[in-house]
Amino acid sequence: MKRSIKAAALGASALAAGLVTTGAWAQQPDVITVTAQKREQTLQEVPIAVSVVQAEEIQDAQILDALDLQSVVPALRVSQLERSSNATFIIRGQGNGANNPGIEPSVAVYIDGVFRSRAGTAISDLMGVERVEVLRGPQSTLFGKNATAGVVSIVTQEPQFEPGGVIEGTIGNFNQVIVRGSVTGPISENVAFSLSGSVNQRDGYFENVGAGGDFNNRDRWAVRGQLLMLPTDNLELRLIADYDSIDEQCCGTDRPIDGPAGPAIRGLLGGQTSAGAGFNYQIATDFANENQIENSGVSLQADWSLSPSMTLSSITAYRMYDDFVDYEGDFTTLSLLGENVRGLDVDTFSQEFRLTGDWNERAFYLLGLYYSNEDMTVEDARIYGSDARAYVDILTGGALAAFETPLGFAPNTFYAAGGGTRFTAEQSDEQFQLFGQVDFNLTDRLVLTAGLAYFEANKEVDFTNVVRTNPFSDLNLVELGLGSFLQSVGVDPNNPAQVGAFATAQPAVFNAFVQASTTFNSVALNNGGVLDPNSGVVIDPNTGLPLANPLLDFFALGLQPLAALTPFPNSVEDGTTSDSDWPYTLRLAFDATDRTNVYVSYSRGFKASSWNLTPDTRPNVSDVAALRAAGELAADNALGLPTVVNTAEALGVAGSQRFARPEITETFEIGFKTRFDWGSLDVAIFNQVIEDFQSSVFFGSGFAVINAGEQTTRGFEFDSRIRPPAIPGLTLTISGIWLDAEYDTFPGAPVVTGSAIDLNDGVADGRGDLSGEPVAGIPEFSGSFGAEYRRDTNFGEVFVRGDFQYETESRIGENLPPELVREIATLNASVGVNLNSGVEALLWARNLNEDEYYTSGFPTTLQGGSFSTYPNQPRTYGLTLRTRF
């Protein structure tokens, strides 16, 4: 029987380096192999906080995709919002990248050693998986720039030289049908193959009371083919080609807080909105969502054994990712947004070389080189629908018409159907990394690990193809008070005769300002503000800061989206970033006993600059003056007025960064791993500091891309497996993590408009100082508690298992009201039988107890004061039949 080089070399190389113990550990019944340090080792000997989910657990727990993994790995959270491809991986409370194609993830996802640069490439159903490794904490030394929070490594089963296969079918509620299968075997004495495929279809569990069909369905399929070639005794080649497709409607929302826009939509315009609080799983849209994903690639891994203790490895890969979405983004049956398109086309080439070996049986070394080149094209369109103008007129009492003619615009220009923003952005990303790590055996029991990498990333962005027909959002409502407005039309605000004549000639315009001033300024005046008669702005007499503005209610209601876009590169902005860093790892590991390993480590992770590739990208404030002088500032060109870009920029609000600066994570960790005759226990205590966390937050009409100054997370986590000797066949798993996460510094953070933090600076601008505040979305405790009982019978094996996922209450997001929280207490269960004939049957249920919680949320698009949330998946259950041959 043929045996791969990696399998044969595991014992030899690791033993030579003093890394595999031949005593008690070797006698343990379950030795788990991992590649957490880019070489095969046992889980016990790896001094890293790592969780492993093996193939058997994936099958028996009905874990279908990456979203299901979080039920058995408490430190991992995977969220999905707006669309199928919009997934975010979070480890120890750190993760980003959602819904902004330029913001790269903080958790690196690898499949068979190949990095997946976008989370949407890793959400397909798991098939033919050998194991999933979740590495916690910075891993940038060996895994590159997107591993500041950790790594999720998915390892598939390699082809076998013994013929075999499996085919399975599943039926479940919501008319779910899943068919999966794989086959493997030899082609010749030196070549083996495998072929795997999967089809998953399910009706949506979110009822759509409007047009377009139900939401949160499943319609996906995938295929993967592999060749394992052993041309010589010391060379192994593994060729993998894969393709998967997703065509689904995701994701449905609730509306737990209904602002002033809700009654206007339902009562005055005859529309419908998503259901309110109560987990009704009901949405209202005016057209069908499109979310089509095609993901494919090919990779070749070569492992060449240069000597019994030295191996040269190469992984060459080319991947293609196409993601198109036309998402009904206003969550009503009205046509407020007529078109909401995001298209993403990503082509990635990567090459990695690694040399591993041992030196004089006292040290194990790994030297590597990594290169990647990625080209990405973003197609984006946010276009107003036929009901947009009528909707805004109702909210503002028809004030839009009063401003159009005096400002030189034709009637019905503002919020006209078909108006909005279209753009095409292109980004090239070239990365280079040299890395190395050495394990020194200082004694038979003490190992010092030192790792260092040099990383360089160069990005170039072209954001010049921009088409905008959205003049209302270009207005600077801060400057456009009554006094400023009168001046703009040639009226001296200090001349009563001229003001009176204007009021007589234009009563609608004048009264609109007066009415807005009266209603909007009343609160500010009661709080001690003083009205400036020239500008119409209420100011704080002590600071001179504006407290209210008669026109800022437009902005507060989120009615100035898709503001002016200044294309780049231009004469001031070259559209490039170049980043470099030296990530490192220092670790000391001590074998206290033959079964207990204690370690202490300090590591640095690095993530390069991330560009804001949305309609909300803005010039940095420091570049505005130079752009205006060059005549290239978009707002000036659109209006011909000396504005400070728009209202948001004048207030210093969200969206003021072209790109987020590099993100740095430094973690100090102490841990131990121990094995007993009846179980195991892994424990880690850590302090994690994130400098310049790359935040991308949706605030109702766009995205705020900003660096959080500093965030500190202190944590304690444990992972245990117990097999009580008194009850043969019973296995208990208990895992958990305590987290204390706080912003040390985060001025200018996107927060709920009008909240106490927002008003600390005296302006209701949706910005506040979160310094000293806890980080939203991170629960104090997360745990997973499981039990499994297996028993052999005359006809085969029977088993029953269950796991309970628990999270303490936590606030969903800083951009949401504090009453919107989540608390998780979810039970999953299954019972199965594995017959001697090779037939297996599994009866399963996920969220058996119908737990209800929100996974995420956001300020509802174009509907200031309303907030939408994403409910968790309701109870699902089904029957799986499987046969092996």
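Start by selecting E16, E43 and E42: these 3 strands make an open sheet in that order, with antiparallel pairing. Strands here are DSSP runs of E with at least two residues, helices are runs of H or I with at least four residues, and both are numbered from the N terminus. Two strands count as paired if DSSP finds at least two bridges between them. E16 and strand E42 (854-859) are the edges; each has a single partner strand, so one side of each has no neighbour in the sheet. From one strand to the next, the twist averages 35 degrees; the axes behind such angles are lines fitted to C-alpha atoms (for helices, over the stretch in contact), and angles run from 0 to 180 degrees between N-to-C directions.

Before moving on, note that this is a predicted model, where local features need pLDDT of at least 70 and side-chain atom pairs count only at pLDDT 80 or more, while totals for chains, interfaces and linings use all residues. Residues are numbered from 1 along each chain as its sequence is written, and side-chain values use heavy atoms, with hydrogens and water left out.

**Stay with E16**

Zoom in on E16 and strand E43 (residues 867-871), an antiparallel pair with 2 bridges. Pick Asp-254 and you'll find Thr-869 as its bridge partner in E43. Now step back to the loop between E15 and strand E16 (254-257), where Cys-251 sits. The peptide bond between Cys-250 and Cys-251 is cis, with omega about 10 degrees.

**Back along E15**

Next, select strand E15 (residues 235-247) and show the side chain of Arg-238. Which residue meets Arg-238 in a salt bridge? That's Asp-112, with 3.9 Å from N to O. The two are 126 residues apart, with Asp-112 in the loop between strand E6 (107-111) and E7. A salt bridge here means a side-chain nitrogen of Lys or Arg within 4 Å of a carboxyl oxygen of Asp or Glu. Searching the whole structure turns up 41 salt bridges.

Follow E15 sideways to strand E18 (residues 290-307): the two run antiparallel, with 13 bridges. Asp-244 has Asn-295 in E18 as its bridge partner. From E18, carry on to strand E19 (residues 310-326), another antiparallel partner, joined by 17 bridges. How many residues lie between E18 and E19 in their hairpin? There are 2. Highlight Ser-305 as well; Thr-311 in E19 is its bridge partner.

**Over to the E3 to E7 sheet**

Asp-112 brings us to the loop before E7, so to speak, and E7 belongs to an open sheet of 5 strands, ordered E3-E8-E9-E6-E7 with mixed pairing. Colour strand E3 (50-54) and strand E7 (114-116) to see the edges, each of which pairs on one side only. The twist in this sheet averages 20 degrees from one strand to the next. Inside it, strand E8 (residues 129-136) and strand E9 (residues 150-156) run antiparallel and share 7 bridges. Click Arg-131, and Val-155 in E9 stands opposite.

**Two backbone stops**

Go to Phe-174, in the loop between strand E10 (164-172) and strand E11 (176-186). Its phi is near 60 degrees, a positive value in a residue other than glycine.

Then jump to Pro-569, in the loop between helix H11 (552-556) and strand E27 (576-581). Is the peptide bond from Phe-568 to Pro-569 cis or trans? Cis, with omega near 10 degrees.

**E28 and its partners**

Select strand E28 (residues 584-593) and strand E29 (residues 596-607), which pair in the antiparallel sense over 9 bridges. Their hairpin has 2 residues between the strands. Thr-585 faces Ser-603 in E29. E28 also pairs with E23, again antiparallel, over 7 bridges; there, Leu-452 stands opposite Tyr-584 in E28.

**Last stop: a negative patch**

Stay on E23 and pick Glu-460. Glu-460 belongs to a negative surface patch together with Glu-294, Asp-322, Asp-345, Asp-375, Glu-379, Glu-426, Asp-462 and Asp-574. Strand E21 (363-384) and strand E23 (446-469) are the elements that give two or more residues to this patch. Patch residues have over 30% relative accessible area and no salt bridge, with like charges joined within 9 Å. The areas come from the Shrake-Rupley method with a 1.4 Å probe, and only the protein chains shown count as cover for residues. Asp and Glu count as negative, and each charge is placed at CG of Asp or CD of Glu.

Definitions and conventions. Patch = residues over 30% accessible without salt bridge, like charges linked within 9 Å, V, L, I, M, F, W, Y side chains within 5 Å.
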